[in-house]
Amino acid sequence: MLVLLMQPGFACLEIGLVRAKNTINVAMKNIADFCLAVMLFWLAGYGLMFGASEIGLFGTSAFLFDPGAGSKPVAQEIAFFFFQVAFCGAATTIVSGAVAERMSFRGYFMIAGLVSVLIYPLFGHWAWGGLNLAQAGWLEALGFVDFAGSTVVHSIGGWVALAAIIVIGPRHGRFGENGRPIEPHNPSTAILGIFLLWIGWFGFNGGSELALNGNVPVILLNTMLAGVSGSLAVLGYTWLREGRPAAVPAATGAISGLVAITASAHATTGPSAILIGAIGGLVGIGGAWLLARLKIDDVVNAVPSHLFAGIWGTLAVALLGDLERLGTGLDRLDQLGVQALGVVCAGLVSFGIAWPLLLLVNRFLPLRVSRAHEDVGLNTSEHGASTSLVDLVSAMEVHRKTGDFSRPVHVEPFTEAGEIASQYNLVLGKFSNEVAGHERTSSRLREALTQAELANSSKSQFLANMSHELRTPLNAIIGFSDIIRTEMFGPMQNDRYRDYADDINSASQHLLSLINDILDLSKIEANKFDLIDTEVDLTEIAQSCQRMLSSNARDSKVDLLIRVQPDLPILRADERAVSQIMLNLLTNGIKFTPENGTVSLTIEVEADGRIAATVRDTGIGISKANINRAFEPFTQIASDSLIYSAEGTGLGLPLTAALTKLHDASLVIKSDEGVGTIITVRFPLSRVIHPQVRLSA
């Protein structure tokens with residue numbers, strides 16, 4: 001009865017790990033395969049496995065099992081049959097979870113019959129035929145030990161599952177260009193199923209002693225320790241790797257640990273059981289990773305947990321088992337050879353029969369449901385059943401595909417899905433009202449946008465014309481004031497005239513710079529500013545900035561520091577624009593840094609290969625609330641009763657940001673009031689020309 005408890009365990013595990021639209025299907029497969037396994041095992045499987053042996057290859061009696069026909073007492077014979085038929089059901093059910101969500105019910109029904117009437121009994125006779133007879137199967141006679149079925153039950157089921165999922169292929173959306181892991185709909189139910197399996201395992205392993213004697217408590221203890229260590233090993237691994245404990249893998253780690261100990265639970269110590277279980281858990285999670293890499297889709301990781309962990313557990317009999325308790329008379333190396341032979345033979349008889357047979361059947365009778373049936377879910381397509389949640393999801397999917405949200409979804413009363421549907425309909429109503437309002441607003445905005453575009457075009461044209469008209473006389477004023485300042489035509493009679501000439505020249509230079517900035521910003525906004533990319537030496541630009549601004553810094557009593565990394569790569573950029581960026585940032589830094597402060601420019605290559613230019617100052621800083629405003633043209637920002645200099649136009653940072661963006665570079669600003677400001681411009685890797693690239697070009 002404990003072993004039969006594993007059937008609802010398998011059912012809960014699979015129901016929890018599939019999507020809601022397939023839960024009824026996997027539940028139906030679980031009950032159907034058990035019923036079929038019992039019937040076929042009674043008809044022929046039991047006789048093939050435990051009947052009178054034909055040279056250790058297969059049984060030839062006890063078909064249509066009749067407890068009165070044997071030499072043993074009736075009650076003992078029935079108890080043995082009852083126990084073994086539960087094992088057959090477990091081996092058969094392993095396949096169900098692996099092929100879930102895309103195998104047809106009739107295809108799975110055929111596989112369940114193949115396992116229960118041929119593959120499982122045939123190999124079972126080789127390994128366990130002597131359990132009910134004096135004559136042992138040929139593997140058993142060689143000394144092969146598989147106490148409760150790491151290979152006989154779990155690996156056999158795992159091999160058939162592997163053959164089936166290779167033949168039918170992965171679920172749609174699992175792999176490929178946009179492939180992703182498919183989320184289970186209820187992991188909590190899956191973990192409940194694992195606990196049911198675990199409880200059933202005590203009957204699975206403990207009952208395999210075939211007597212209630214002093215060995216049973218040791219077997220139960222080893223079973224418990226292996227399951228615990230398998231779960232803890234996977235829990236620790238996922239925690240270290242992902243930074244958080246993963247629920248389902250940690251739970252399935254217990255399954256892998258239990259599978260691994262099943263072959264040697266009667267002949268090992270507690271510490272060895274812990275080691276076998278822990279390695280089994282890691283083998284299981286490693287096997288899941290391998291299948292994903294190979295694009296083999298196992299919905300519940302049945303193959304890693306039952307096949308891979310089963311192989312390890314079978315080999316562990318020789319590696320960690322008590323040789324005296326095994327009673328085969330073999331040393332460890334010979335025992336390992338026999339165990340490995342059993343593993344290979346299990347693969348040959350199970351995969352070797354299942355894979356070609358399924359390939360053949362699949363050519364004439366497709367084992368997989370159609371794409372449309374897979375999309376709608378096997379609950380509906382295979383059984384005509386559905387759930388309110390699936391219906392709701394389907395209705396929402398129609399809304400998504402058609403974009404028509406005018407019709408509400410059906411509300412199934414007194415269900416959780418109905419509550420969700422009610423809330424969804426409220427959202428639909430709100431959404432429809434909002435859409436109608438937005439349509440009206442959008443119509444007005446489109447009209448306003450057209451007018452704004454016309455106004456912006458007129459503004460750009462006006463600024464371009466005005467800039468051209470103003471630059472000519474300003475250049476003349478600058479030239480004439482230079483002539484007067486240098487006294488080209490003779491000395492001035494009054495020194496104040498020289499001061500006036502200096503003021504005229506300075507004001508004209510400032511006005512010309514302002515006009516140029518306005519024109520550049522206007523061109524950028526109108527998408528008419530074309531970069532002229534050349535090979536730019538940032539070291540030369542930095543030195544040029546230092547020469548141009550050193551007197552300005554000296555007059556402001558500010559230290560100007562320039563640091564450039566040696567052997568700096570060449571930058572592919574617009575040289576004038578890059579110079580403007582550096583000058584604007586340094587000028588702002590000098591302007592807003594009090595006396596005895598420091599302004600520095602550092603240019604270096606960062607770890608990822610990008611070039612970063614960082615300007616730091618110990619100035620008055622900007623409050624976090626005003627940082628965004630600093631990038632608005634013509635904006636003056638007050639801070640602690642200090643207002644940015646009247647000479648400032650408010651165009652320096654906006655123009656710098658615009659020129660930076662044109663180069664696909666980033667600009668990051670960090671500022672604290674009263675402490676200073678740090679502005680970093682990072683040029684993308686695509687604009688960095690490394691020396692070896694330049695030489696090859």
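# A guided tour of the predicted model

Begin by selecting Met39, Trp42, Leu43, Phe63 and Leu64, which together make up a nonpolar surface patch with about 450 Å² of accessible area. The model in the viewer is predicted.

Within that patch, centre the view on leucine 43, a residue of helix 2 (residues 23–50). Its relative accessibility is 32%, so leucine 43 is classed as partly exposed.

**Helix 1 and its two partners**

Keep helix 2 displayed and add helix 1 (residues 6–17); the axes of helix 1 and helix 2 approach within 9 Å and cross at roughly 160°. Angles over 145 degrees count as roughly antiparallel, and helix 1 and helix 2 are therefore roughly antiparallel to each other. Their crossing is right-handed.

Next, select helix 7 (residues 187–206), which packs against helix 1 at an angle of about 160°, the axes lying 7 Å apart. Helix 1 and helix 7 are therefore also described as roughly antiparallel. The crossing of helix 1 and helix 7 is left-handed, whereas that of helix 1 and helix 2 is right-handed.

**The loop between helix 6 and helix 7**

Move now to asparagine 186, in the loop between helix 6 and helix 7. With a relative accessible area of 27%, asparagine 186 is partly exposed. Add leucine 17 to the selection: the C-alpha atoms of asparagine 186 and leucine 17 are separated by 6.4 Å, although their positions lie 169 residues apart along the chain.

In the loop between helix 6 (150–168) and helix 7, select glycine 169 as well. Is glycine 169 buried or exposed? At 14% relative accessibility, glycine 169 counts as buried. A C-alpha to C-alpha distance drawn from glycine 169 to aspartate 298 gives 9.7 Å, for two residues 129 apart in sequence.

**The end of helix 9**

Select helix 9 (residues 247–261) and focus on isoleucine 261. Isoleucine 261 has 0% relative accessibility and so counts as buried. From there, bring in isoleucine 274: the two isoleucines are 13 residues apart in sequence, with their C-alpha atoms 8.9 Å apart.

**Two residues with positive phi**

Most residues other than glycine have a negative phi. Two exceptions can be inspected in turn. Lysine 557, not a glycine, has a positive phi of about 60°. To locate lysine 557, go to the loop between helix 19 (538–555) and strand 4 (559–564).

Continue to aspartate 567, whose phi is also positive, at about 55°. Aspartate 567 sits in the loop between strand 4 and strand 5 (570–574). At 76% relative accessibility, this aspartate counts as exposed.

**Salt bridges**

Side chains of opposite charge can pair when their charged atoms come close. How many salt bridges are counted in the model? The count comes to 13.

Show the side chain of arginine 610 together with those of glutamate 606 and aspartate 608. Between arginine 610 and glutamate 606 there is a salt bridge in which the closest N and O atoms are 4.0 Å apart. Arginine 610 also forms a salt bridge with aspartate 608, at 2.8 Å from N to O. As for accessibility, arginine 610 is partly exposed, with a relative accessible area of 28%. Aspartate 608 likewise counts as partly exposed, at 41% relative accessibility.

The next pair to select is aspartate 672 and lysine 624, which form a salt bridge with their closest N and O atoms 3.4 Å apart. Aspartate 672 belongs to strand 10 (residues 666–672) and lysine 624 to the loop between strand 7 (611–617) and strand 8 (638–639), so this pair ties together parts that are 48 residues apart in sequence. Aspartate 672 counts as partly exposed, at 32% relative accessibility, while lysine 624, at 64%, counts as exposed.

For the last stop, select Arg19, Glu101, Arg171, Arg174 and Asp297, which are joined into one network by salt bridges that share partners.

Conventions:
Residues numbered from 1 in each chain as written. Predicted model: local features only at pLDDT ≥ 70, side-chain atom pairs only at ≥ 80, totals over all residues. Heavy atoms only, no water. Patch = residues over 30% accessible without salt bridge, like charges linked within 9 Å, V, L, I, M, F, W, Y side chains within 5 Å. Areas by Shrake-Rupley, 256 points an atom, 1.4 Å probe, with all protein chains shown as cover. Helix = DSSP H or I, 4+ residues; strand = E, 2+ residues; numbered from the N terminus. Buried < 20%, exposed > 50% of the residue type's maximum accessible area, 1.4 Å probe, protein only. Axes fitted to C-alpha atoms, helices over the stretch in contact; angles between N-to-C directions. Parallel < 35°, antiparallel > 145°, perpendicular 65-115°, else oblique. Left-handed = near helix turned anticlockwise from the far one by under 90°.
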